[in-house]
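The following report concerns one helix and its surroundings, and it is best read with the structure open alongside.

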Amino acid sequence: MPTDQERVDQGMAVRRAVLSDAHVDRALASTTELTADWQDFITRVAWGDIWSRPGLDRRSRSIAVLSSLIAHGHHEELAMHLRAALRNGLTIDEIREVMLQSAIYSGVPAANSAFRIAAEVFSATDAAGTPAGSAPTATADPTAPAGPPAPAGGPAATSPGEDAP
């Protein structure tokens with residue numbers, strides 16, 4: 001069984017691969033006394049335990065996350081995870097299908113919001129998940145199970161509060 005520090009280290013590696021170094025650095029830089037335990041929790045448990053499990057690849061995890069965020073109306077997290085889905089190898093066409101599927105099970109208003117947010121995110125992001133006008137960066141292997149990640153980089157979230165898994 002891994003130690004807490006090993007879980008934190010694994011979680012940080014996966015978190016950086018999925019969300020980008022810039023996003024994680026921003027989230028960590030804005031850590032306060034109030035949010036320090038939260039940062040530890042999401043890094044150790046969400047990223048170190050759940051996102052690191054071998055049962056699903058990162059593309060599949062992104063599909064599950066997008067579906068959940070659409071269903072629950074977590075719009076700020078949805079924007080962040082749309083970028084992450086591109087980094088994890090989903091195409092815009094595949095993301096469109098996830099949103100259409102969500103309309104049936106989560107409702108048309110939820111999917112309508114998701115399409116609006118996706119249009120905003122994708123208008124500022126190329127198909128590789130790189131902000132428009134930026135040089136491309138390396139991304140994690142989208143088919144790899146959550147093991148040691150490829151070098152990270154790429155788009156950052158638009159809000160410092162967007163740091164949940």
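In this predicted model, the buried residues of α6 pack against three other helices, namely α4 (58-72), α5 (75-87) and α7 (108-123). The residues of α6 that are buried are Ile 95, Val 98, Met 99, Ser 102 and Ala 103. Because they cover an arc of only 150° around the axis, they lie on the same side of α6. The face turned away from that buried side carries Ile 104 and Tyr 105, which are exposed.

The span of α6 can be checked against its length: at 1.5 Å a residue, the 15 residues of the helix (residues 92-106) should span 21 Å, and the end C-alpha atoms are 20 Å apart, which agrees. Just after α6, Gly 107 takes a positive phi of about 105°.

Ile 95 links this helix to a wider set of residues, since in the largest nonpolar core, which has 30 residues, Ile 95 is among the four that touch the most other members, together with Leu 66, Leu 78 and Leu 82. Two or more residues of this core come from each of α1 (4-19), α3 (36-50), α4, α5, α6 and α7, and the largest share, seven residues, is that of α5. When residues up to four places away in sequence are not counted, Ile 95 touches Leu 66, Leu 82, Ala 85, Leu 86, Leu 90 and Phe 122.

The helices against which the buried residues of α6 pack are listed below.

| Helix | Residues |
|---|---|
| α4 | 58-72 |
| α5 | 75-87 |
| α7 | 108-123 |

How values were computed. Residues numbered from 1 in each chain as written. Predicted model: local features only at pLDDT ≥ 70, side-chain atom pairs only at ≥ 80, totals over all residues. Heavy atoms only, no water. Helix = DSSP H or I, 4+ residues; strand = E, 2+ residues; numbered from the N terminus. Expected span 1.5 Å × (residues − 1). Buried < 20%, exposed > 50% of the residue type's maximum accessible area, 1.4 Å probe, protein only. Arc of directions from axis to C-beta. Contact = heavy atoms within 4.5 Å. Core = buried A, V, L, I, M, F, W, Y, C linked by side-chain atoms within 4.5 Å.
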